[in-house]
Amino acid sequence: MSVSHRKKLNTYLFLNIIWGILSLTLLCLVLFFTWQKERLNIQQSLYSLTDEIADQLDNFIQDTTHLLLTLDITSSPVTPCPPQLLKQIQQIVFNNPFISGVSIRSSDNKVHCSTLHQETISGNNTNHLLSLFGPTQINSHDKPAYILSQRLGQNSIAIYLLEQIFARNLQTSSLLAKKVSLYDKNTKKIILQISRTDTDSWRIDDPKDYLKQKEVHQEYSIMRVGITTLDNLEIMLQADLSKIKQITWKEELITAVIILLLCLSIYYLMRFLINRHFSFKRAILVAMRNDNFFPMYQPILDTKKEESIGAEILLRWRTSEQEVITPDLFIKDLEASGLIVHITLQLVEKAFIECQSLLINNPKFHLAFNLSSIHFTDNNFFKDFLSLCKKYHIAESQIMLEITERDLLKQDDLALVKTMKELRQAGFCLAVDDFGTGHASISYLQHFPFNYLKIDQIFIKAIGTGAITETLNKSIIQMAKNLKLNIIAEGVETFTQLEYLQSQGVHLMQGWYFATAMPLEKLIQFVKGVHNEE
Ligand code: G
Ligand code: G
Ligand code: MN
């Protein structure tokens, strides 16, 4: 008990350590991958957002330059300014409030037509068809303006646009964006920047608050996308790190909770299994100590001679509540725990003690024990088994050992065959049990020194039912006959089955038609020919 208890505690300790390490590793790995995935997602959204702003600005610039298509302007210099042209550019300024002025100058940079009283910029010569300059001041008291310059032959047309109009086209409603800047790649300078305020509106930044060169190149939270219409310009978007962290943390938290719940359920499942294992093992150990396992006997008959030729020993467990449990409920666990070997020896000894005089009085009568492949791999089982035979003076020929066809296939057959041959030489009977359920071939079964074969119940049950298994009967019986072994039919329940089997030349039978498993006293009476109909 205390050993088992200590073993249980050790198992728990082991479980806790392994579980802790595995859970922590799993948590770290999953969180790391979630974080990576989330970062990629955010980069992707930032890119789309920046691209959207670039598109917005591109559209605005295209719309603005489209206005110039209505002008009557030739490719030669326009000196002096034709009154018609001046009127047209005045019209454009009048109709588009966001345009502060339009001026036309020639390639030598001389202004010919202008809606402005005063020209402030010079040296805007460029090879590009379309370019943007700024910021500049139109009048000393005015807000800064930007000049969009379009070349037309030898003339170039400059459109003066107010700062706010550019700022408006840089805005986005996405809360991910904190600052949006217009960056000139040629001069490596930001020419306009807006920031989100605390009230979620946008304001134009003072040049001293512009992003620094270092930030522009290093910060991972800054995304840059070029503008199609003006190839020296880029939109630069700085993400709001606190918002990004908020999103990632939320995701990480949800993932962590899921992982923890998963790990906890695994933990409790493992605890449950360990508990069940130990409580089952404890219950078996207690039953073994209290001698709660006992044999029942099911007679095997020769229906031709109308006599009992033996009995199969079937294990039973009487619980402390006096309930009798059949082995189908616990035999698998018993085999898995390895305790089956010890219990079989207990069962064998009890059967030997009980049946000693029955066996002496009926020298042709045998006892059949069910063994599994585990008994054959155990180092001491057969040694102990032989000692018991000696101790109770049981003749080897009066013992049959049954091993199911399915168990044969689990084993290294050479080792199995060697032990079996020794047993047969010593005089024991060997039976292949549940024949037909293991799908072993005749040539495979011929390796084993069996002298009996027990046809499985499912084939007997099928007799007279018309089921597919019924049609298998003849071939199963034929296969058994080909093996030249004594055939015992198991699970015979009806007269029809009995008749059919006899017609096929099978005379050794076992089943509820004759007798169910019974205690020794009833077996003695049954063997004497007193059939109790209960
Ligand atoms: O006893 P019952 O009639 O319920 O048998 C159920 C199953 O348990 C059968 O497959 C039978 O072969 C198996 N069985 C019964 N007694 C023993 C036993 O002592 N040892 C082993 N290994 N199996 C047994
Ligand atoms: O696997 P093994 O052949 O050892 O199984 C024997 C099992 O068959 C035991 O559970 C036993 O109670 C059961 N058994 C024996 N005779 C009959 C029978 O006529 N009908 C049914 N259904 N089961 C039987
Ligand atoms: Mn059996």
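Which residue just after α16 takes a positive phi? In this predicted model, that residue is G529, with a phi of about 105°. The points below cover the helix before G529, a manganese site, the largest pocket and the cysteines.

**Helix α16**
- Helix α16 spans residues 520–528, and its buried residues are L520, L523, F526 and V527.
- These four lie on the same side of α16, because they cover an arc of only 115° around the helix axis.
- An α-helix has 3.6 residues a turn, so residues three or four places apart point the same way.
- E521 and K528 are exposed, and they sit on the face of α16 turned away from its buried side.
- The cover over the buried residues of α16 includes strands β11 (293–302) and β12 (307–318), together with helix α7 (340–361).
- The positive phi of G529 falls just after the end of this helix.

**Manganese site**
- The manganese ion (ligand 3) has four residues as protein donors: E312 through OE, N370 through OD1, E402 through OE and D433 through OD.
- These donor atoms lie 2.1 to 2.4 Å from the manganese ion.
- Along the chain, the donors follow the spacing E-x57-N-x31-E-x30-D.
- Within this set, E402 and D433 link distant parts of the chain, being 31 residues apart.
- E402 belongs to strand β15 (residues 399–404), whereas D433 belongs to strand β16 (residues 429–435).
- E402 is buried, since its relative accessible area is 0%.
- D433 also counts as buried, at 5% relative accessibility.

**Largest pocket**
- The largest pocket holds about 1,100 Å³ of space.
- It is lined by 40 residues, and those closest to its centre are E312, L314, P327, N370 and D433.
- Three of these names recur from the manganese site: E312, N370 and D433 are also among the donors of ligand 3.
- Strand β12 supplies the largest share of the lining, with five residues.
- Elements that each give at least two residues to the lining include the strands β12, β14 (366–371), β15 and β16.
- Helices α6 (331–337), α7, α10 (405–408) and α13 (457–461) likewise each supply at least two lining residues.
- Both β12 and α7 therefore appear in two settings, as they also cover the buried residues of α16.

**Disulfide and other cysteines**
- The structure holds one disulfide.
- This disulfide joins C81 to C113, with an S to S distance of 1.8 Å.
- The link is right-handed, with 110° about the S-S bond.
- C81 and C113 are 32 residues apart and connect distant parts of the chain.
- C81 lies in the loop between α1 (2–66) and α2 (83–95), while C113 is in strand β2 (residues 111–114).
- The two partners differ in burial class: C81 is partly exposed, at 21% relative accessibility, and C113 is buried, at 1%.
- Why are C389 and C429 not bonded to each other? The sulfur of C389 is 12 Å from its closest cysteine sulfur, in C429, and this is too far for a bond, as a disulfide needs the sulfur atoms within 2.5 Å.
- The sulfur of C429 in turn has that of C389 as its closest cysteine sulfur.
- C389 counts as buried, at 3% relative accessibility, and C429 is buried too, with a relative accessible area of 12%.

Note on methods: Residues numbered from 1 in each chain as written. Chains lettered and ligands numbered in written order. Predicted model: local features only at pLDDT ≥ 70, side-chain atom pairs only at ≥ 80, totals over all residues. Heavy atoms only, no water. Buried < 20%, exposed > 50% of the residue type's maximum accessible area, 1.4 Å probe, protein only. Donors = N, O, S within 2.8 Å, 3.2 Å for Na, K, Ca; no water. Arc of directions from axis to C-beta. Contact = heavy atoms within 4.5 Å. 1 Å grid on protein atoms, 1.4 Å probe; cavity = no way out; pocket = protein on both sides within 12 Å on 5 of 7 lines; lining within 4 Å. Points joined across faces, edges and corners; volume = space filled by probe spheres on them.
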